[in-house]
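Dear colleague,

Please find below the structure that I am handing over to you. A short account of what was found in it comes after.

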Amino acid sequence: MNIGQHLTLPNGVTLKNRIVKSAMSEALADEYNNPTQAQIDLFAQWSKGGAALLITGNTPVDRMHLEHAGNFVLDPSSDMKRVSALAAAGKSGGAKILAQLAHAGRQTPEAINAHPTSISDVQLDLPGYGKPTPASEAEFEEIIAKFVRSARLAQEAGFDGVEVHAAHGYLLSSALSPRINTRTDRWGGALENRARLAIEVVRAVRKAVDPGFIVAVKLNSSDFQKGGFDHADSVQVAVMLEAEGVDFIEISGGNFEEPTAYQHASKSGSTQIREAYFLDYAAAIKAALNIPLMVTGGFRSSNVMNDAIEGGKTDLIGMGRPFIADPAFARKLLEGEIAKAPAVEQNFPPAETLPRGAVLNWFCAQIALAGRTGAPDLEMSVVDGHESYLNQIKLATDQLLTARRE
């Protein structure tokens, strides 16, 4: 088995190879949180690049709970012509496309919502985030209904499926964490209760869409925080999700406070960035499942990818940053033109010498640039990219708030 082989999902949908563009936060929506032409063009470019599957960046089901102001939102206020254009662009080059449905919970910026709904009142330990309000029983039902509503809209718009985001500290992920989920009712305490929100969302979504519509879940292998959602919990929740009829599970890790999924290591002498840094965690999850598993984080070399698939540690290879550096890298990798995906982050200064989040923000700035102009500027300094992205988000936030006041 290797990255060039097709994979048939449990619902019968076949992916033409094993390479997936994992979700990246495009931040290209307009002030009404609709997809822009830049975002549509970007997905058309990625679709032609050879990957089997594309997953949109964080797509909120509730516009009062955004990851940031540039999110494309999928709800009844969405411009469905633009949403359909985005779905069509994602499929135009032969890929399939999923909308990654999410609710930011306590990770909603304070400027967007000073008191976001969360699993508890435990506040994010970072500046720029307000004090969350614990969800009521009625609000949980509303949240589940919003995921269902957005999944149906995604199906109506022509997406091939959805990925329910239960990783990286957003609402469903924070509900899984005993460090954040301090509830004593049926939504908190034992793992079965902490998993209830994610399970009920997935169950309701699966029931609401067609059998051939892909339903996937992104799950942390661990939060990598003391007292948080750990690896043993992750294995158990993955088994619970399989029982709900999901087509594959994507494994990642970390959250805003412990951003393991976005780690960066620069090249120093003969030392290279460690590839596939969630693969060891994923092996135990893979062994417990009968459905396909996708591992995202750090993959660059085709031999590492092939070994991971051949060794039964994963079925799908998720990557993000290489799609920014070279949208056609997947085709080149599959055809043997290159042996390694772009790893431009290896040339960056050590992470400890840069502002917090600078590397991630540089890549986000490149996404915006590629959407607008058709190509990134890989010569841009990390600090310049960081500042450009911060300015982009500030402008998007100002425009969003202005639009809300209209």
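The notes below cover the overall fold, the nonpolar cores and one pocket.

This is a predicted model, in which local features need pLDDT of at least 70 and side-chain atom pairs count only at pLDDT 80 or more, while totals for chains, interfaces and linings use all residues. Residues are numbered from 1 along each chain as its sequence is written, and side-chain values use heavy atoms, with hydrogens and water left out.

The protein chain has 13 helices and 13 strands (DSSP runs of H or I, at least four residues, and of E, at least two, numbered from the N terminus). Its C-alpha trace spans about 55 × 45 × 45 Å along the principal axes. Of its 406 residues, 61% count as buried (under 20% relative accessible area with a 1.4 Å probe, protein chains only).

The largest nonpolar core (buried Ala, Val, Leu, Ile, Met, Phe, Trp, Tyr and Cys residues joined through side-chain atoms within 4.5 Å) holds 102 residues, of which Phe159 and Ile249 touch the most other members. Helix H3 (residues 137–157) supplies the largest share of this core, nine residues. A second, separate core has 15 residues, including Leu7 and Phe248. Leaving aside residues up to four places away in sequence, Ile249 touches, among others, Val217, Leu241 and Met294 (heavy atoms within 4.5 Å).

The second largest pocket (an open set of points on a 1 Å grid over the protein atoms alone, where a 1.4 Å probe fits, with protein on both sides within 12 Å along at least five of seven lines; lining residues have an atom within 4 Å of a point) is lined by 15 residues. Helix H13 (382–405) gives the most to this lining, with five residues.

With kind regards

Key. Buried means under 20% relative accessible area, exposed over 50%, partly exposed in between (1.4 Å probe, protein chains only).
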